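Please work through the exercises below with the sequence and the structure at hand. Each task is followed by a worked solution.

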Amino acid sequence: MTDAWAVLGESNGKTYVVAVLDEPQKVKGLGVFNAAEVLREIDIGQHVVIGQKELQRLAPRVPELARGMVRRAQTIGCKDAGFFLARLGLGPGDTVLEAGIGSAGLSLYIARVLGDKGVHITVEPRQEHAEVGLENLERAKQCWPAFPTHHHLTGLIEDTVDDIEQLVKAVDAIVLDLPDHPPAIAATAGLLKPGARLACYCPVTSQLERAWEACETAGLTVEWAGELMEREWGRASKGGMRPVNGPFGHTAFLLVAQRL
Ligand SMILES: C[S@@+](CC[C@H](N)C(=O)[O-])C[C@H]1O[C@@H](n2cnc3c(N)ncnc32)[C@H](O)[C@@H]1O
């Protein structure tokens with residue numbers, strides 16, 4: 001296969017996203033190798049030994065790209081990302097505004113459903129975060145058959161509304177994962193098409209409360225606010241199924257509001 005990127009998985013779930021370069025490169029955890037040479041005859045599903053490790057070549061779907069992504073800022077995972085996609089009703093051809101891009105954990109899920117007729121606008125004030133997020137999105141673009149038109153703006157979202165309006169007249173959804181939601185909500189609520197929704201990711205309750213108030217002040221109707229609990233089950237050593245041991249953790253409170 002001659003793709004730009006290859007996804008290689010270990011049996012323990014550890015995943016590597018490797019640039020298929022025809023030159024020796026160092027991949028953390030795998031050592032130095034020429035990926036183009038080693039992977040030339042390796043199709044998706046086939047196994048390959050690199051250094052001491054046996055790896056399986058996998059399709060570059062969101063779970064694999066997310067597991068092997070470059071990371072900096074805290075990312076949104078599939079539990080909350082899936083809820084946003086469903087509650088915002090995102091699909092091919094939609095225009096979505098997202099801030100901040102961070103490591104693009106959420107952006108990967110959004111870009112995957114918009115298709116090549118969609119428009120994805122991301123905003124981020126911190127260059128060092130944007131570099132990581134844009135690298136992850138670029139990998140996805142090179143791996144997937146369809147990818148939305150992507151515009152990235154540098155700055156606080158509340159300061160970039162004029163630039164956003166230069167790109168699009170209105171948006172089908174807004175997602176805000178940033179520390180201070182009210183200025184962002186006040187500045188962007190007017191960009192929503194009638195019936196379109198805005199979602200907030202709020203790690204602590206004070207953020208949720210302020211986001212709720214800001215949505216109402218901006219004329220939006222809060223449709224849902226709360227938290228998703230995820231409880232994984234596994235097979236018990238003596239038979240049967242039970243919740244696995246481990247933390248029953250919190251990610252964030254989520255809020256969805258609609259422009260009616
Ligand atoms: C937790 S990270 C986002 C992570 C991202 N959702 C992901 O899944 O990878 C929050 C980001 O928001 C950015 N940010 C903070 N205030 C902002 C603002 N007013 N407008 C746009 N981005 C902002 C931060 O620099 C940071 O990169």
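The exercises treat a predicted model and concern a ligand shell, a helix pair and a hairpin.

**Exercise 1.** Determine which residues come nearest to the ligand, and describe the chemical character of the shell.

*Solution.* Step one is to list the surroundings: 23 residues lie around the ligand, and Ala-99, Gly-100, Gly-102, Gly-105 and Leu-156 come nearest. Step two is to assign secondary structure: α4 (105–114) and β8 (119–124) each contribute at least two residues to the shell. Step three is to classify the shell residues, which gives 12 nonpolar, seven polar and four charged.

**Exercise 2.** Characterise the packing of α4 against helix α5 (residues 127–143).

*Solution.* Two packed helices are described by the angle between their axes and the distance between the axes. For α4 and α5, the axes come within 9 Å and cross at roughly 30 degrees. Angles under 35 degrees count as roughly parallel, and α4 is therefore roughly parallel to α5. The handedness of this crossing is right-handed. On the α4 side, Ser-107, Leu-108 and Ala-111 make the contact, while α5 supplies Gly-133, Asn-136, Leu-137 and Ala-140. By class, the contact residues comprise four nonpolar, three polar and no charged.

**Exercise 3.** Describe how strand β3 (residues 24–27) pairs with strand β4 (residues 31–34), and state which residue of the hairpin takes a positive phi.

*Solution.* First, establish the pairing: β3 and β4 run antiparallel and are joined by four bridges. Next, take one bridge as an example: Gln-25 has Phe-33 of β4 as its partner. Finally, examine the connection: three residues lie between the strands of the hairpin, in which Gly-29 takes a positive phi near 95 degrees.

Technical notes: Residues numbered from 1 in each chain as written. Predicted model: local features only at pLDDT ≥ 70, side-chain atom pairs only at ≥ 80, totals over all residues. Near = placed C-beta within 6 Å. Nonpolar A, V, L, I, M, F, W, Y, C, P; charged D, E, K, R; others polar. Axes fitted to C-alpha atoms, helices over the stretch in contact; angles between N-to-C directions. Parallel < 35°, antiparallel > 145°, perpendicular 65-115°, else oblique. Left-handed = near helix turned anticlockwise from the far one by under 90°. Contact = placed C-beta atoms within 7 Å. Pairing = 2+ DSSP bridges.
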